[in-house]
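Colleague: I would like a close look at one part of this protein, namely its nonpolar core, together with what surrounds it. Please take it slowly, since I am new to reading structures.

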Amino acid sequence: MFVLELSYTAPLEAVDAVLPDHVAWLDELYERGVFLASGRKEPRDGGVIIAVAEDRARIEAIAAGDPFVRAGVCAYRVTEFVATKTAPALAPYRETDA
């Protein structure tokens with residue numbers, strides 16, 4: 001499981017200009033089962049995405065395809081973690097210390 005933290009690197013006007021493409025990109029990744037939750041940070045200086053993928057390289061490739069990144073309006077920080085305890089709805093993503 002991964003936490004993707006987005007930090008805006010451009011004024012909000014530039015971010016908002018790319019927002020519709022970013023939302024379409026998010027929708028596609030939700031449909032594919034990669035993203036579990038997402039939203040903007042408060043104050044609005046970026047966002048957070050909770051994601052699942054087979055490895056970090058795959059998540060980094062996905063993040064590189066974000067229209068925000070391609071437009072140069074945000075940077076990503078990717079944190080991988082092992083979800084050993086989850087809410088019942090996230091039980092399929094729970095990992096054991098095997």
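**The core and its surroundings**

Modeller: With 98 residues, a compact globule would have a radius of gyration near 13 Å, and the protein chain, at 14 Å, agrees with that; the radius is taken over C-alpha atoms, and the globule rule is 2.2 Å times the number of residues to the power 0.38. This is a predicted model, in which local features need pLDDT of at least 70 and side-chain atom pairs count only at pLDDT 80 or more, while totals for chains, interfaces and linings use all residues. Residues are numbered from 1 along each chain as its sequence is written, and side-chain values use heavy atoms, with hydrogens and water left out.

The protein chain has 3 helices and 4 strands, and along the sequence they follow the pattern β-α-β-β-α-α-β; helices (H or I, at least four residues) and strands (E, at least two) are DSSP runs, numbered from the N terminus. Along its principal axes the C-alpha trace spans about 45 × 25 × 20 Å. Buried residues make up 32% of the 98 residues, where buried means under 20% relative accessible area, exposed over 50%, and partly exposed in between, with a 1.4 Å probe and protein chains only.

Now to the core itself. The largest nonpolar core (a set of buried Ala, Val, Leu, Ile, Met, Phe, Trp, Tyr and Cys residues joined through side-chain atoms within 4.5 Å) has 21 residues, and those with the most contacts inside it are Leu4, Trp25, Phe35, Ile49, Ile59, Phe68 and Tyr76. Two or more residues each come from strand S1 (2-8), helix H1 (12-31), strand S3 (46-51), helix H2 (56-64) and strand S4 (74-80), and H1 gives the most, with 5 residues.

Tyr76 shows how separate stretches of the sequence meet. Leaving aside its neighbours within four places in sequence, Tyr76 is in contact (heavy atoms within 4.5 Å) with Leu4, Glu5, Leu6, His22, Trp25, Ile49, Ala63, Asp66 and Val69. For the protein chain as a whole, among contacts between residues at least 6 apart in sequence, 65% join residues at least 24 apart.

Phe2, in strand S1, is buried, because its relative accessible area is 1%. With residues up to four places away not counted, Phe2 touches Ile49, Ile50, Ala51, Ala53, Asp55, Arg56, Ile59, Val78, Thr79, Glu80 and Phe81. One of these partners, Val78, is 76 residues away in sequence, yet the two C-alpha atoms are 6.7 Å apart in space.

Arg77, in strand S4, offers a contrast, since at 53% relative accessibility this residue counts as exposed. Arg77 still touches Val3, Leu4 and Glu5, again not counting residues up to four places away, and its C-alpha atom is separated by 8.1 Å from that of Ser7, 70 residues apart along the chain.

Finally, consider the loop between strand S2 (35-40) and S3, where Lys41 is found. Lys41 is buried, with a relative accessible area of 17%, and, beyond its neighbours within four places in sequence, is in contact with Glu5, Leu6, Ser7, Gly46, Gly47 and Val48. Pro43 lies in the loop between S2 and S3 as well, and the peptide bond from Glu42 to Pro43 is cis, with omega near 5 degrees. In general, most peptide bonds are trans.
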